[in-house]
Each structure stands twice: as C-alpha cells, then as structure tokens.
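Here is a friendly walk through one protein model, written for someone who likes to think at the bench. Keep the structure open beside the text and follow along.

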Amino acid sequence: KKGVHTLTASYFVDRLVTYKPSEVITIDLIIKWLSNAHEFKEFYPELTAEDFERLLQDHLHRRDSGEQNEIKYRIVAKCHTILYGLLDVTCAFRNTDATNMTLNTFKCIVQAVSSVNDAEIYQLPNVDRATFQNGSVDEIHTLGKLFTYENDKIGKILGIKDSKKLEETLQ
C-alpha cells in the first residue's frame, strides 16, 4: 500500500504480533527489523540480513564500508519508504513504543547519527565522540546548551584541541 513489499509488511506484522512486552524497543531493534526488508534482498540477493544491518549501523556511526559504500547508500535511500510502512503497521497495532522508536530511527538515519539525544552535537564537524561522551560534566545534548559556554570550554567538551578546527566547528 505504501510502497513496501508485502513480504516486508508481513515480517513487520509478525514482529509486532510476536512482540514480548518485556522486550525494550530500541533503535538497534528497529534497525534489525529493517535489515530483513525484502526490498534490500531484491537489490542485493547475495547479501544477508546481517550484512544489511552492519551497513545500516555503519551509516549511523558514520563508518566507511569500503567497497560496499554504494550498497550502503542505496539501502539507506530506500529506508524512508520502508520505515513509513513500518510506521503504518505500528500505528495499526496502536503500539506507541514501536511507533515512537520508528520515528526516532527515521531521524537517526536521516541525520546519520546513532543517538537521538546528542544528534545536534554529533553533526558538528571535528567532534571527538569519546571525549564528548566521557568528559561532559553537565547534561549537554543541544547546541543551545553547548553555546552557553566559552569557546575554550566548548573545545574541551567536544575534544577539539586545534584552534583552527574549533573555529571551523563554531562557525
């Protein structure tokens, strides 16, 4: 109905029918469901669901996929249609958790970030993820909060030591 293959829609329905309420729906779980889409198998029949999941995770973590970059870009481009199909299914089941996480997954794929919470920060150039995650004393998740600090402090928070790179980031 929404441009999603019937086998993909059937898989999503099956996931929601057999869903255990004790299982927490996360972005990674939605990515796992997404990686089983029949559309991807039509594009690349030689690849497995695990391959597609790895490529989608590479996209979210902005990792190079080597020779499979073109494949990654093609499946990422198809994700919005499949996620809209999943959204229809989750709405039909009135599963608020799955619906919200589907929307969050869509945001993550569009922004190429692995977490919705810090998406604004991770889109800045030159950010050292490890330093940001480990070194932040305050709860900084938005640019508004980040820019309340002096430039030197912002550089320390983001893990940017080079002043030229910091200037580029702050522009």
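A salt bridge here is a side-chain nitrogen of Lys or Arg within 4 Å of a carboxyl oxygen of Asp or Glu. With that in hand, one pair to look up is Lys32 and Glu53, whose side chains meet in a salt bridge at 3.6 Å, N to O. Lys32 sits in helix 2 and Glu53 in helix 4, so this pair ties together parts that are 21 residues apart in sequence. Lys32 itself is partly exposed, with a relative accessible area of 40%. Please bear in mind that this is a predicted model.

**The overall picture**

What is the chain built from? It has eleven helices and zero strands, and from the N terminus on the elements run α-α-α-α-α-α-α-α-α-α-α. Along its principal axes, the C-alpha trace spans about 55 × 40 × 25 Å. Of the 171 residues in the chain, 41% are buried. The accessible surface comes to about 9900 Å², and carbon and sulfur atoms account for 51% of that area.

How do distant parts of the sequence come together? Among contacts between residues at least 6 apart in sequence, 53% join residues at least 24 apart.

**Charges and salt bridges**

The chain carries 21 positive and 25 negative side chains, and the centres of these two sets lie 3 Å apart. How many salt bridges does the structure hold? There are five, and the table gives three of them.

| Pair | Closest N to O distance |
|---|---|
| Asp14 and Arg15 | 2.6 Å |
| Lys32 and Glu53 | 3.6 Å |
| Arg54 and Asp51 | 4.0 Å |

Asp14 and Arg15 form a salt bridge with their closest N and O atoms 2.6 Å apart. Asp14 is partly exposed, with a relative accessible area of 33%, and Arg15 is partly exposed too, at 26%.

Now turn to helix 4. Arg54 and Asp51 are three residues apart in this helix, so about one helical turn separates them. The closest N and O atoms of their salt bridge are 4.0 Å apart. Arg54 is partly exposed, with a relative accessible area of 36%, and Asp51 is partly exposed as well, at 21%. This pair also belongs to something wider: salt bridges that share partners join Asp51, Arg54, Asp58 and Arg63 into one network.

**A buried tryptophan**

Is Trp33 buried or exposed? Its relative accessibility is 4%, under the 20% cut-off, so Trp33 counts as buried. Trp33 has its place in helix 2, which covers residues 27-34. Lys32, the salt-bridge partner of Glu53, lies in helix 2 as well.

Which residues does Trp33 touch? Leaving aside neighbours within four places in sequence, Trp33 is in contact with Tyr11, Phe12, Arg15, Leu16 and Leu86. One of these, Phe12, is 21 residues away from Trp33 in sequence, and the two are 7.2 Å apart in space, C-alpha to C-alpha. Arg15 is a familiar name on that list: besides its contact with Trp33, Arg15 forms the salt bridge with Asp14.

**A nonpolar patch on the surface**

Which residues make a nonpolar patch on the surface? Val13, Val17 and Phe93 do, and the patch has an area of about 240 Å². Val17 is placed in helix 1, residues 6-17. With a relative accessibility of 56%, which is over the 50% cut-off, Val17 counts as exposed.

**Two residues with positive phi**

Two loop residues deserve a look at their backbone. Arg62 has a phi near 55°, a positive value in a residue other than glycine. Arg62 is found in the loop between helix 4 (49-60) and helix 5 (69-92). Its relative accessible area is 45%, so Arg62 is partly exposed.

Ala112 likewise has a positive phi, near 55°, and is a residue other than glycine. Where is Ala112 found? Ala112 is in the loop between helix 6 (96-111) and helix 7 (119-122). Buried or exposed? With a relative accessible area of 12%, Ala112 is buried.

Conventions:
Residues numbered from 1 in each chain as written. Predicted model: local features only at pLDDT ≥ 70, side-chain atom pairs only at ≥ 80, totals over all residues. Heavy atoms only, no water. Helix = DSSP H or I, 4+ residues; strand = E, 2+ residues; numbered from the N terminus. Buried < 20%, exposed > 50% of the residue type's maximum accessible area, 1.4 Å probe, protein only. Contact = heavy atoms within 4.5 Å. Patch = residues over 30% accessible without salt bridge, like charges linked within 9 Å, V, L, I, M, F, W, Y side chains within 5 Å. Areas by Shrake-Rupley, 256 points an atom, 1.4 Å probe, with all protein chains shown as cover. Lys, Arg positive; Asp, Glu negative; His and termini not counted. Charge placed at Lys NZ, Arg CZ, Asp CG, Glu CD.
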